[in-house]
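User: I am new to reading protein structures and would love a close look at one part of this one. Could you walk me through the sheet and what lies around it?

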Amino acid sequence: MTEHRVVVVGEARVDEIRDPGGVRESVTGDAVELATALLGYGLVLTVVAPVAEDADGDRIRAALQDRGIRLVSVPAPEGTLRRSIVRDRGGVEIELRRGESAFTDTRRSLAAQAEADLIVDFRERVGSTTAEVRDEVLSTFGLGAPVAESPAPRGGDSAAVVPAAAQPAANDARVPEAPPQPEAVAAPAAVLLPAPIVAGTHRHAPVRLLPDPPAAHAPAPDWHGLEARLARIAT
C-alpha cells in the first residue's frame with residue numbers, strides 16, 4: 001500500500017487557560033489540529049510552522065513526536081507562539097498572544113513541501129474548519145468521506161432504526177431487487193498547493209557552483225630578444 005505524504009503549513013502554538021479552576025496548557029494551532037485529525041489513516045504527516053528554540057518549542061516538538069507527526073520549523077524570531085486566555089469569576093475573558101511574526105519559508109520547509117503528495121496551506125485558507133479540511137484531504141486520496149448521521153426518530157422513540165433491506169416483507173413475499181444504478185463518477189479533487197507556487201514561483205533544480213577553470217596564460221612577448229640571444233649562447 002502506497003503511503004501518501006501530507007504537509008500541513010500553518011500555526012503551532014501553546015494555549016494557556018487561566019481561570020478560577022486553575023491553569024491548563026495544551027499544544028494546538030490549525031496545522032497541529034489538522035495533522036492530529038488525520039492520524040489513523042496511514043498518512044505520513046508533516047507540520048511546517050514557526051517554532052523557536054525555547055521551552056514552548058520543545059513542548060510542541062515532544063507532543064508531535066509522541067503523535068508520530070514530523071515537525072519542520074521555520075524561523076520564529078519573537079519566540080514560539082503562545083496564546084493566554086484569562087477568565088475571572090464574572091466570565092470576563094482576556095486574550096493575550098505572544099510570538100506573532102511573519103512566516104518565512106526555509107530550504108527545509110520547501111524541501112518538505114516538494115516531497116509531499118498534497119499540501120494544505122492554512123495561510124491561504126480563511127474560514128475553513130478542521131473537520132472540513134480533513135474530509136477534503138481524505139476525499140483527495142479516496143479514503144472515504146465521513147458517514148452522515150441518521151436523523152433522530154420522531155416522537156422521542158429511542159428504538160434502533162433497522163434498514164429497509166433488513167426488514168421482512170409482509171406475508172414473507174420476496175421483494176424484487178431494483179436494477180443496479182450506474183455509479184456516479186466523482187470529479188477529481190484539486191491538490192492544494194502552497195501560496196508561493198500559486199503566486200508563480202518556480203522550483204529550480206539545485207545549482208552546484210564549480211571553481212573557475214585555470215586560465216592558460218600565453219608567454220609574454222620577448223621585447224628585448226632575450227630568448228634569441230639565449231638560443232645563440234646555447235648553441
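Analyst: Here is a walk through the sheet, followed by a visit to one residue in a loop.

Keep in mind that this is a predicted model. The sheet is open and has 4 strands, in the order β5-β4-β1-β8, with parallel pairing. In general, strands of a sheet pair through backbone hydrogen bonds, either parallel or antiparallel. Now look at the two ends of that order: β5 (70-74) and β8 (118-121) are the edge strands, and each has a single partner strand, so one side of each is left without a neighbour in the sheet. From one strand to the next, the twist averages 20 degrees.

Let's zoom in on one pair. Strand β4, made of residues 44-50, runs parallel to β5, and 5 bridges join the two. Within this pair, valine 47 stands opposite leucine 71 in β5. A helix also packs on the sheet: α3 (residues 107-114) touches β1 (5-9), β4, β5 and β8. The direction of α3 makes about 140 degrees with that of β5.

Next, find the loop between β5 and β6 (82-87), where threonine 80 lies. Is threonine 80 buried or exposed? Its relative accessible area is 0%, and buried means under 20%, so threonine 80 is buried. The side chain of threonine 80 is joined to that of aspartate 54 by a polar contact of 2.8 Å. Setting aside neighbours within four places in sequence, threonine 80 is in contact with several residues, including Ala12, Val51, Ala52, Asp54, Ile60 and Arg98.

Conventions:
Residues are numbered from 1 along each chain as its sequence is written. This is a predicted model: local features need pLDDT of at least 70, side-chain atom pairs count only at pLDDT 80 or more; totals for chains, interfaces and linings use all residues. Side-chain values use heavy atoms; hydrogens and water are left out. Two strands pair if DSSP finds at least two bridges between them. Axes are lines fitted to C-alpha atoms, for helices over the stretch in contact, and angles run from 0 to 180 degrees between N-to-C directions. Contact means heavy atoms within 4.5 Å. Buried means under 20% relative accessible area, exposed over 50%, partly exposed in between (1.4 Å probe, protein chains only). A polar contact is a pair of N or O atoms within 3.5 Å; within protein, one must be able to donate a hydrogen and the other to accept it, and residues adjacent in sequence count only if both atoms are side-chain atoms.
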